[in-house]
Each structure stands twice: as C-alpha cells, then as structure tokens.
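Welcome to a short set of exercises on reading a protein model. Keep the structure open while you work, try each task by yourself, and then follow the solution step by step.

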Amino acid sequence: MGPTDKYTALQNPDLIAAPSSDHGSVKNAKWAFSLSHNRLQTGGWARQQNQNSLPVATEMAGVNMRLEPGAVRELHWHKTAEWAYVLKGQTQITAVDQNGRNYVATVGPGDLWYFPAGIPHSLQATDDDPEGSEFVLVFDSGDFSEDSTFLITDWLAHVPAEVLAKNFQTDISAFAHIPDEELFIFPAPLPQPDKDAPKSPEGQVENPYSFAFSKVKATQTPGGSYKVVDSRTFKASKTIAAAEVTLEPGAVRELHWHPTIDEWSFFLEGRARVTIFAAQSNARTFDYQAGDIGYVPAAMGHYVENYGNTTVRFLEIFKSDVFEDISLSNWLALTPPELVKAHLGFDQATIDKLPKSKPVVVGTGNPNAGNGGGDDDDDDDDDDDKSSQ
C-alpha cells in the first residue's frame with residue numbers, strides 16, 4: 001500500500017514472491033553493473049563490482065569498460081591477474097613479460113584476453129566499430145579495485161625529473177610534459193596494425209595472451225549449448241576458467257555444484273532464475289537479466305533456468321586453472337540404483353532415465369512456468385531490460 005520501486009520489483013519477482021522451496025538465509029548473490037558508480041573519462045568509462053558492493057564475492061571482482069575509437073586504457077599493471085571477455089567492437093592489447101618478450105593482438109566480440117599478475121599491458125579500441133569497444137574484466141581477487149591499479153603516468157608523476165633523466169639516459173627536458181596525474185582512459189590516435197609492433201630480440205611471449213573463444217564450436221544440447229575455456233586450451237590463463245552457456249526458453253542449466261571453487265557469473269542476454277542451496281535447509285532464489293552479476297560460493301548446489309521467451313546467454317567464471325562441476329543427475333545415475341531408491345523413492349523407470357554422461361543443459365519445458373516473470377512481450381518489461389544494460 002505504501003511507496004514501492006515498481007521497476008526493481010519487476011526485475012526481481014522471486015524476491016517479492018519467493019518460491020515455497022526457498023527457506024532460511026542465503027547471502028545476497030546479485031549485483032547489477034547499472035548500480036555501480038560509473039567513472040566517466042574523456043574517451044570512455046569504467047564501472048566496477050567488488051566486495052564493497054557484493055560482500056559474498058570473495059574470490060573474484062569485475063569491471064565493465066567502454067572505450068571510444070582510439071581511446072586507451074593507459075599502460076598499467078595489477079597485483080591480480082586480468083581476464084576479459086569482449087562484448088562489442090575490437091580492442092588492441094599490448095603487453096611485455098618479465099623476460100622482455102612482447103605481445104600485440106586485436107581481439108573482437110566473444111574473444112578473450114588474460115594478463116598474469118604484474119604483467120604490464122594496455123588496451124585500445126580500434127575504429128572497426130564506430131562506437132568503439134566494450135568488455136567485461138574479471139580479476140582473481142574479490143577486493144580488487146581499479147583505483148589500486150599501477151599506472152605509468154601516476155608513477156612517473158611521483159619520480160623526481162633528475163632520476164627519470166638518469167634512468168632513461170636522456171636530457172631532463174624530455175620529461176617536461178609528463179602529466180601531473182593519472183590519465184586512466186584518454187583519447188589517442190588509432191592504433192597501428194598488429195604487424196607493425198616493435199620486434200623484441202627475445203621474441204614473443206611463449207603463450208599468447210589472447211584467445212579466439214568466439215571461434216570455438218559450442219556443444220549443442222536439447223535445451224541450449226555450452227563451451228568451456230581454461231588453461232588446457234587457453235594456456236596463458238592459469239587462474240581463470242570459464243564457460244559460455246546458452247539456454248532456450250524453459251531450459252535449465254542442470255542442478256550441479258563446483259567442488260572447491262566459487263562461481264562468478266555475468267548475464268549477457270535474456271532472463272534467468274537461479275536458486276542457491278547453502279545446506280542446513282537454506283535456499284534462496286534470485287532473478288537475473290542482461291548486465292547482472294551472480295555469485296555462488298564453492299560447493300553450493302544451484303541451477304540456472306530460462307523463464308523468459310528469449311535465449312539466455314551467460315558466462316560462468318572461476319578462479320581456477322581448469323573448469324570443474326558435478327552433475328546431480330549424473331551422480332545419481334552412477335550410484336547403485338537401490339541406494340538411490342532408498343533415499344528418494346524413485347522407481348526404476350526414473351532411474352533408467354538418469355544420464356550416465358553429464359547433460360549440462362537439459363531440455364525445454366514451459367517457458368513461463370513459475371511466477372510468470374517471463375513475459376518478455378510486455379512493454380514495461382522491455383524497457384526494464386534496456387535500462388539495466
């Protein structure tokens with residue numbers, strides 16, 4: 001009867017009217033990038049999520065960044081590794097490793113890059129897309145902050161000019177125009193072709209820092225698709241593994257858990273419902289749409305259901321060198337059937353349907369089952385989708 005935020009309520013129907021299966025207390029596991037402070041710069045912007053905004057996310061943090069054509073995320077490095085998924089446009093990345101080997105490449109939508117902790121690098125949008133480039137960055141520490149990045153302009157602004165002259169073996173006048181403070185993101189001339197990069201006498205890095213994930217063939221299932229990337233295929237990515245999953249309306253990313261690692265999720269399109277089981281009768285359901293971040297602590301059971309009328313696409317990201325999960329249905333299929341019957345009361349026909357191979361995404365059903373939050377044709381809901389991205 002009192003004041004209410006209609007749009008937030010429409011985006012979170014399972015918080016307003018939770019399924020009867022929810023019980024107890026589970027920490028908040030949702031954050032929308034649209035709620036993050038946006039750092040606007042000449043040439044682009046960046047907004048972040050870390051433990052300050054989502055306290056449960058202890059292992060990973062994220063940044064959503066946009067660069068106009070030619071704009072640069074200045075030369076910098078981090079105490080953490082940086083993994084990236086390109087959302088739109090083309091981005092040229094550069095890096096030099098601890099052995100003096102360099103790497104320059106241009107990556108496009110659906111592709112990845114990874115820089116190990118401490119490796120200096122830069123990011124620059126090309127003009128292949130008139131709007132520039134946009135990407136999501138994931139860091140392997142929950143307390144990461146863009147404000148604690150080591151920036152070249154910030155460093156040199158805090159070194160005496162005479163020391164710079166000695167270090168670079170040049171006249172002190174060469175440093176008369178060093179910025180007084182960090183540039184962070186700034187406009188610059190368009191990048192030169194990758195082939196024109198300086199040639200290091202030590203050669204290129206041993207394992208490329210980029211990966212053409214967009215060209216990896218997805219495994220198709222009756223309810224959608226999935227593809228996995230980790231250090232077995234993207235060899236440089238030693239601390240981050242990921243999966244890209246699609247769900248057709250009504251389909252479910254099966255009931256599963258990850259034995260020892262937390263999951264940081266990013267929803268790219270569609271509307272999804274996730275219930276997290278935290279043991280001791282604790283379970284809570286969350287609704288996600290494009291631009292939302294989800295988080296599931298290690299070993300907690302969960303599923304992802306598409307309750308809308310359009311395809312759901314999302315990333316599952318882990319602080320790990322390999323992707324791992326355990327399927328509930330697969331576990332039961334490979335357990336002696338009499339033991340399963342004794343626990344759950346299944347009949348033999350149900351036992352016979354359990355998959356002995358992990359299904360990952362299971363088939364479609366009624367896309368509007370549940371609380372009816374999947375009416376994507378409603379004009380108000382469409383506006384909600386746009387405003388959240």
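**Exercise 1. The second largest cavity**

Task: Find which residues line the second largest cavity of this predicted model, and sort them by kind.

Solution:
- Step 1. Collect the lining: Leu 10, Gln 11, Arg 271, Asp 287, Tyr 288, Gln 289 and Tyr 307 surround the second largest cavity.
- Step 2. Ask how much space they enclose: the second largest cavity holds about 40 Å³.
- Step 3. Sort the residues of this lining: three are nonpolar, two polar and two charged.
- Step 4. Look for the elements behind them. Helix H1 (6-11) and strand E21 (283-289) each bring at least two residues to this lining. E21 gives the most, with three residues.

**Exercise 2. One residue from that lining**

Task: Is Gln 289 buried or exposed, and with which side chain does its own side chain make a polar contact?

Solution:
- Step 1. Place the residue: Gln 289 belongs to strand E21.
- Step 2. Use the cut-off: buried means under 20% relative accessible area. Gln 289 has a value of 2%, so it is buried.
- Step 3. Look for the partner: the side chain of Gln 289 makes a polar contact of 3.3 Å with the side chain of Gln 11. Both Gln 11 and Gln 289 are in the lining of the second largest cavity.
- Step 4. Practise a distance: Gln 289 and Val 56 are 233 residues apart along the chain, and 19 Å separates their C-alpha atoms.

**Exercise 3. The largest cavity**

Task: How many cavities of 30 Å³ or more does the structure hold, and which strands supply at least two residues each to the lining of the largest cavity?

Solution:
- Step 1. Recall the idea behind the search: rolling a probe the size of a water molecule over the atoms shows where empty space is left.
- Step 2. Count: there are two cavities of 30 Å³ or more, and the largest has a volume of about 60 Å³.
- Step 3. Name the strands: E19 (263-269), E20 (271-277), E22 (292-296) and E23 (301-306) each supply at least two lining residues.
- Step 4. Inspect the lining of the largest cavity, which includes Ala 29, Phe 267, Ile 276, Tyr 288 and Val 304. Tyr 288 also appears in the lining of the second largest cavity.
- Step 5. Sort the lining of the largest cavity: eight residues are nonpolar, three polar and one charged.

**Exercise 4. The annotated binding site**

Task: Which residues does the UniProt annotation "binding site" cover, and what is the largest C-alpha distance in this set?

Solution:
- Step 1. Read the record: the unreviewed UniProt entry gives His 256, His 258, Glu 263 and His 302 as "binding site".
- Step 2. Compare sequence with space: they spread over 47 residues of sequence, yet they cluster in space, with a largest C-alpha distance of 11.8 Å.
- Step 3. Link back to Exercise 3: Glu 263 and His 302 from this set are in the lining of the largest cavity.
- Step 4. Locate the first two names: His 256 lies in strand E18 (252-257), while His 258 is in the loop between E18 and E19.
- Step 5. Check burial: His 256 counts as buried because its relative accessibility is 1%. His 258 is buried too, with a relative accessible area of 2%.
- Step 6. Check the pair: a polar contact of 3.4 Å joins the side chains of His 256 and His 258.
- Step 7. Look at other neighbours: His 256 touches Glu 263, His 302 and Glu 316, among others. Contacts of His 258 also include Glu 263, His 302 and Glu 316.

**Exercise 5. The annotated active site**

Task: Which residue does UniProt list for "active site", and where is Glu 316 placed?

Solution:
- Step 1. Read the record: the unreviewed UniProt entry lists Glu 316.
- Step 2. Place the residue: Glu 316 sits in strand E24 (312-318).
- Step 3. Decide on burial: with a relative accessible area of 0%, Glu 316 is buried.
- Step 4. Look at its contacts: Glu 316 touches residues including Ala 241, Arg 253, His 256, His 258, Glu 263 and Trp 264. Among these, His 256, His 258 and Glu 263 are in the "binding site" annotation of Exercise 4.

Conventions. Residues numbered from 1 in each chain as written. Predicted model: local features only at pLDDT ≥ 70, side-chain atom pairs only at ≥ 80, totals over all residues. Heavy atoms only, no water. UniProt positions renumbered as here; feature names shortened; annotations may be inferred. Helix = DSSP H or I, 4+ residues; strand = E, 2+ residues; numbered from the N terminus. Buried < 20%, exposed > 50% of the residue type's maximum accessible area, 1.4 Å probe, protein only. Contact = heavy atoms within 4.5 Å. 1 Å grid on protein atoms, 1.4 Å probe; cavity = no way out; pocket = protein on both sides within 12 Å on 5 of 7 lines; lining within 4 Å. Points joined across faces, edges and corners; volume = space filled by probe spheres on them. Nonpolar A, V, L, I, M, F, W, Y, C, P; charged D, E, K, R; others polar. Polar contact = N/O pair within 3.5 Å; in protein donor to acceptor, adjacent residues only side chain to side chain. Lists of a residue's contacts leave out its neighbours within four places in sequence.
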